[in-house]
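User: I'm new to reading protein models. Could you walk me through this one, feature by feature?

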Amino acid sequence: MESCRGARTALVVGAGMGGLTAASALARRGWQVEIAEISPAGATSGWGLCLTGPSLRALDELGLADPCLAAGYGMSVITHVDVDGRVADEVRLPRLIGAERPAVVGMGRPALYRTLREHADRCGVVVHHGLTVVAVEQEGEQVRVQMSDGTHRRVALLVGADGIRSSVRRLLGLETSVAYHGQMVWRALVPRPPWATGIQQFAGQSNTAGLVPISDSLAYAFLTENGAEWSVLPDVELVPRSRQLLVGFPGRVEEIRSLLAAGSKSVVRRPVLTAFLDGAWNRGTGVVIGDAAHAPAPQMASGAALAVEDGAVLAQELDCHTSIGAGLDAFVSRRAQRCRTLVENSVAIADLEQAQRYDEAYPLVDACHRQMAEPA
Ligand SMILES: Cc1cc2nc3c(=O)[nH]c(=O)nc-3n(C[C@H](O)[C@H](O)[C@H](O)COP(=O)(O)OP(=O)(O)OC[C@H]3O[C@@H](n4cnc5c(N)ncnc54)[C@H](O)[C@@H]3O)c2cc1C
């Protein structure tokens, strides 16, 4: 049986949050790691995201929580405003990296990508852009991987961190379906109003909206469009349509709406898609992590947390098992239930939102954040 401590070469497919974290965590433990990322320039999407406590806790282990806090906007409370404009609930998020540091950080995706990428570079990870995998074959203890540029690699470990539509998952013969939940989510970068010092969520008559600060000067507005057909709108329709959907909300949504400048290029609209890989996430010495194995709905703002945790836990488990196969089995059995629970709860929250049953959705959000606070 091959020892993990022998041939420590890994190919990670995808330079998103899961891929960059896994690559750095492995490289810090002495692995020689390459990443193949299909996009020519890395993650450049202009909207933000919220890194909850479990993300910060996993990033802290890599020494990256403070750089993220410095590049983003730290917060600890989600305020839910109901259809009448009253504060219905305040979720005090668990501070998992110490009482003196915030519970969550709002960040621009490009800033997060830069932070993770610079760290991977410092750890000696080699990142190739515009490159993917076209075929995979287990040859004894190694995986032979055919690349899209005609070259091939022979590595001890293949990690598919290539998102919800993972090619590696398919190439390893691990299939799952991707579900659409009747919601389209919108994001738009806006100037941060001085009153926005935490996450604000507003219930409307048929949709939900809100604001997440990502720096002293910027925030992202979000809107969840319920009962929507999955469609792609022309870019020119994005600002007028989002402004229209934000009419009739209570509280400060009118102010958020006024911040959406005509002609803004920062508005994006995406379907709410989820996936969960039942059974094994690994075959031979290949494994899938992050959204490729478990993609929750964005309502819990925890997909990145799961992906970052996966990277850290994968490196830990490979380090304490004598064979890669045993390390991968241990990784999957440590992660599967936590990830399944989060995916299922995020779908339940999305369904409750669509049914306007906010009084049931808020306690579930609170309970899930507490559950996620348990060690990974
Ligand atoms: C609208 C929206 C809002 C969200 N908000 C939040 C939030 O606030 N907080 C949070 O924690 N989570 C949020 N999420 C979820 C979060 O974005 C994902 O869970 C997280 O990005 C998963 O990371 P990943 O690395 O597994 O996959 P990804 O981030 O999808 O990265 C996959 C990478 O692989 C690359 N790739 C794809 N295919 C190939 C291929 N064949 N070969 C090589 N490379 C490939 C891609 O280009 C990409 O760089 C949100 C999701 C959505 C859709």
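**Reading the model step by step**

Analyst: Sure. Keep in mind that this is a predicted model. Let's start with one residue, T224, which sits in strand β16 (residues 218-225).

User: Is T224 buried or exposed, and how do I tell?

Analyst: You look at the relative accessible area, and under 20% means buried. T224 has 6% relative accessibility, so it counts as buried.

User: Which residues does T224 touch, leaving aside its neighbours within four places in sequence?

Analyst: T224 is in contact with Q183, M184, V185, N207, T208, Q299 and E353, once those sequence neighbours are left aside.

User: Can we try another strand residue? Where does I35 lie?

Analyst: I35 is part of strand β2, which covers residues 32-37. Its relative accessible area is 0%, so I35 is buried. Not counting residues up to four places away in sequence, I35 touches V12, G14, A15, G19, L20, A23, V125, V126, V127 and H128. For a distance along the fold, take I35 and G327: they are 292 residues apart along the chain, and their C-alpha atoms are separated by 20 Å.

User: Now helices. What should I know about them in general?

Analyst: An α-helix has 3.6 residues a turn, so residues three or four places apart point the same way.

User: What span should helix α1 have, and what span does the model give?

Analyst: Helix α1 runs over residues 17-28, which makes twelve residues. The rule is 1.5 Å times one less than the number of residues. That gives an expected 16 Å, and the end C-alpha atoms of α1 are 16 Å apart, so the two agree.

User: How many residues of α1 are buried?

Analyst: Eleven of the twelve, so α1 is mostly covered. The buried ones are M17, G18, G19, L20, T21, A22, A23, S24, A25, L26 and A27. They pack against β1 (9-13), β2, β3 (48-51), α4 (109-122), β12 (157-160) and α8 (303-319). Just after α1, G30 takes a positive phi of about 95°.

User: What is the usual sign of phi?

Analyst: Most residues other than glycine have a negative phi. Here, A301 goes the other way, with a positive phi near 45°. You'll find A301 in the loop between β20 (294-295) and α8, and A301 is partly exposed at 29% relative accessible area. Q356 also has a positive phi, near 60°. Q356 lies in the loop between α9 (324-354) and α10 (358-372), and its relative accessible area of 31% makes it partly exposed.

User: What about loops that hold a buried residue? Where is S166 found?

Analyst: S166 is in the loop between β12 and α5 (167-171). With a relative accessible area of 4%, S166 is buried. A polar atom of the S166 side chain lies 2.9 Å from the backbone nitrogen of R169. S166 also touches V288 and A292, not counting residues up to four places away in sequence.

User: What is a disulfide, in general?

Analyst: A disulfide is a covalent bond between the sulfur atoms of two cysteines. This structure holds zero disulfides.

User: Why does C339 have no bond to C368?

Analyst: The closest cysteine sulfur to that of C339 is in C368, 13 Å away, which is too far for a bond. To be called a disulfide, the sulfurs would have to be within 2.5 Å. C339 is buried, at 0% relative accessibility, while C320 counts as exposed at 51%.

User: Last topic: the ligand. How many residues surround it?

Analyst: There are 30 residues around the ligand, and the closest are G18, E37, C50, T132 and D291. Then look for polar atoms that approach it. A nitrogen atom of the ligand lies 3.1 Å from a backbone N or O atom of I38. A polar backbone atom of C50 is 2.8 Å from a ligand nitrogen, and one of S302 is 3.5 Å from a ligand oxygen. On its own the ligand has 1000 Å² of accessible area, and the protein covers 83% of that.

User: Which elements give two or more residues to the shell around the ligand?

Analyst: Those are α1, β2, β3, β13 (179-191) and α8. Of these, α8 gives the most, with four residues.

Technical notes:
Residues numbered from 1 in each chain as written. Predicted model: local features only at pLDDT ≥ 70, side-chain atom pairs only at ≥ 80, totals over all residues. Heavy atoms only, no water. Buried < 20%, exposed > 50% of the residue type's maximum accessible area, 1.4 Å probe, protein only. Contact = heavy atoms within 4.5 Å. Near = heavy atom within 4 Å. Polar contact = N/O pair within 3.5 Å; in protein donor to acceptor, adjacent residues only side chain to side chain. Areas by Shrake-Rupley, 256 points an atom, 1.4 Å probe, with all protein chains shown as cover.
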